[in-house]
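Got your viewer open? Load the model, set it to cartoon view, and let's walk through it together.

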Amino acid sequence: MTLWYLARAAGVVTMVMFTMSAVLGMVMPRVQSAERRFWLQYVHRSAAVTGLVLLVTHVVAVIADSYVSISPVVLVWPFASGYRPFAMVVGVLALYSLVLASLVGAARGRLAVSERFTKYWRKLHIAASVGWLLSIGHALLAGTDRSTPWMLGITIGCLAAVATAGAYRLNALPTRVWRTQ
């Protein structure tokens, strides 16, 4: 039972950490103070790294748990899972997206001198948003606690936090002035 509890806890806290990272990433552009931006960036990255460590813990614990027969092959071919194959596909796609976003984020500082990389950085970093949304889907489809009130509360809280941060960010976008001729 220990691996089962570890897998569940790591999965839930992973979702919370990635939610925190997403929220901070969305509100950061509105912060004017350089010192505040520095600390928000620090917490944003720390939450993402903590989420990645917990994600690896979740995957390893699920694969190691003998109660549910999920093999490491699922990481390459998620349809091979005997346990909720569609949910596994969603989870593996979330994993790929979040790892891609992490690699792009980690490389940003080193590759910032490249104008070409800087131009595409935001487009590549959007994989984090896709991965976060897929992880919510995975939690709702695969989790053994998905219909319990506490898990639904955490999931709805994560969705609400990201939606609120997204609205806050969209509200901060400069409005275009349309000229008529």
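Is arginine 45 buried, partly exposed or exposed? Keep that in mind while you take a look around; bear in mind too that this is a predicted model.

**Whole chain.** Start zoomed out. You'll find 6 helices and 0 strands, so the run of elements from the N terminus reads α-α-α-α-α-α. Along the principal axes, the C-alpha atoms fill a box of roughly 65 × 40 × 40 Å. Of the 181 residues, 33% count as buried. Take the contacts between residues at least 6 apart in sequence: 63% of them join residues at least 24 apart.

**Surface.** Now switch on a surface. The chain exposes about 11,700 Å², with carbon and sulfur atoms supplying 69% of that. Colour by charge next: there are 16 positive and 4 negative side chains, and the centres of the two sets lie 13 Å apart.

**Arginine 45.** Select residues 34-64 to light up helix α2, the home of arginine 45. Back to the opening question: arginine 45 is partly exposed, because its relative accessible area is 46%, which falls between the 20% and 50% cut-offs. Add Arg37, Arg108 and Arg122 to your selection, and together with Arg45 you have a positive surface patch.

**Aspartate 145.** Last stop: go to the loop between α5 (127-142) and α6 (149-172), where aspartate 145 sits. This residue counts as buried because its relative accessible area is 13%, under the 20% cut-off. Which residues does aspartate 145 touch, not counting those up to four places away in sequence? Show side chains for Arg8, Trp150 and Met151, and you have them.

Terms used: Residues are numbered from 1 along each chain as its sequence is written. This is a predicted model: local features need pLDDT of at least 70, side-chain atom pairs count only at pLDDT 80 or more; totals for chains, interfaces and linings use all residues. Side-chain values use heavy atoms; hydrogens and water are left out. Patches are made of residues with over 30% relative accessible area and no salt bridge: like charges are joined within 9 Å, nonpolar side chains (Val, Leu, Ile, Met, Phe, Trp, Tyr) within 5 Å. Accessible areas come from the Shrake-Rupley method with a 1.4 Å probe; for residues, only the protein chains shown count as cover. A salt bridge is a side-chain nitrogen of Lys or Arg within 4 Å of a carboxyl oxygen of Asp or Glu. Lys and Arg count as positive and Asp and Glu as negative; His and the chain ends are not counted. The place of a charge is taken as NZ of Lys, CZ of Arg, CG of Asp or CD of Glu. Helices (H or I, at least four residues) and strands (E, at least two) are DSSP runs, numbered from the N terminus. Buried means under 20% relative accessible area, exposed over 50%, partly exposed in between (1.4 Å probe, protein chains only). Contact means heavy atoms within 4.5 Å.
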